[in-house]
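Visitor: Hey, could you walk me through this one? I'd like to start with the strands.
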Amino acid sequence: MKWLYIPLAAALLATGAPNPQLTEIHSVYLMPMSGNLDQFLAVRLNGANLFLIVTDPKHADAVFTERIGVPFEQALKDLYASDSKDKDDKKTDDYRGPTMKPLSNGKGSLFLVDRKTKNVVWSSYDKPKSNRPDDINQLAGKIVTKLEKDVKGK
């Protein structure tokens with residue numbers, strides 16, 4: 001009787017049910033990435049209508065990043081820091097420019113991290129053939145295709 005459950009479990013896995021954690025993600029923020037992968041991903045994700053791409057991290061349900069760990073944790077703290085400091089700061093009208101840089105040289109890993117729980121809800125590993133824009137764009141398409149399968153199920 002135990003052997004009956006193994007094929008049944010395999011069949012259920014093969015049906016490609018959607019990832020329940022991904023169904024709760026509606027808006028995403030993309031951290032800066034090497035080779036401008038974040039820009040290409042934004043275009044591809046927008047075209048696939050998977051998530052709303054937001055430019056203000058405070059409106060995101062999740063964050064795409066190339067690297068997790070201490071540097072990522074610090075970047076999250078910087079992104080979601082309280083605005084109370086700015087109210088007291090006399091230089092709030094001055095443009096400070098972008099402060100974020102890619103956290104790594106992009107080793108092929110990509111993570112989608114839930115903003116509230118800080119859990120990785122999806123990940124992928126794919127390296128581009130080169131840093132040429134056409135190769136980065138092709139990689140973004142491959143990533144979005146994988147993500148689409150996991151969001152919607154096969």
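Guide: Sure. A62 stands opposite D114 in β4. Strands here are DSSP runs of E, at least two residues long, and helices are runs of H or I, at least four residues, both numbered from the N terminus.

Visitor: Where do these coordinates come from?
Guide: This is a predicted model, where local features need pLDDT of at least 70 and side-chain atom pairs count only at pLDDT 80 or more, while totals for chains, interfaces and linings use all residues. Residues are numbered from 1 along each chain as its sequence is written, and side-chain values use heavy atoms, with hydrogens and water left out.

Visitor: How many bridges join β3 to β4?
Guide: Four, and the two strands run antiparallel. β3 also pairs with β1, in the parallel sense, over three bridges; pairing takes at least two DSSP bridges. L30 has F64 in β3 as its bridge partner.

Visitor: Which way do the β3 residues point?
Guide: A62 and F64 go one way, V63 and T65 the other, and all are buried. Buried means under 20% relative accessible area, exposed over 50%, and partly exposed in between, using a 1.4 Å probe on protein chains only.

Visitor: New topic: which residues of α3 are buried?
Guide: F72, A75, L76 and L79, in residues 70–79. They sit on the same side of α3 because they cover an arc of only 100° around the axis, taken from the directions from the helix axis to the C-beta atoms. V70, K77 and D78, on the other side, are exposed.

Visitor: What covers the buried ones?
Guide: The cover includes β1 (27–30), β3 (62–65) and β4 (109–114), with contact meaning heavy atoms within 4.5 Å.
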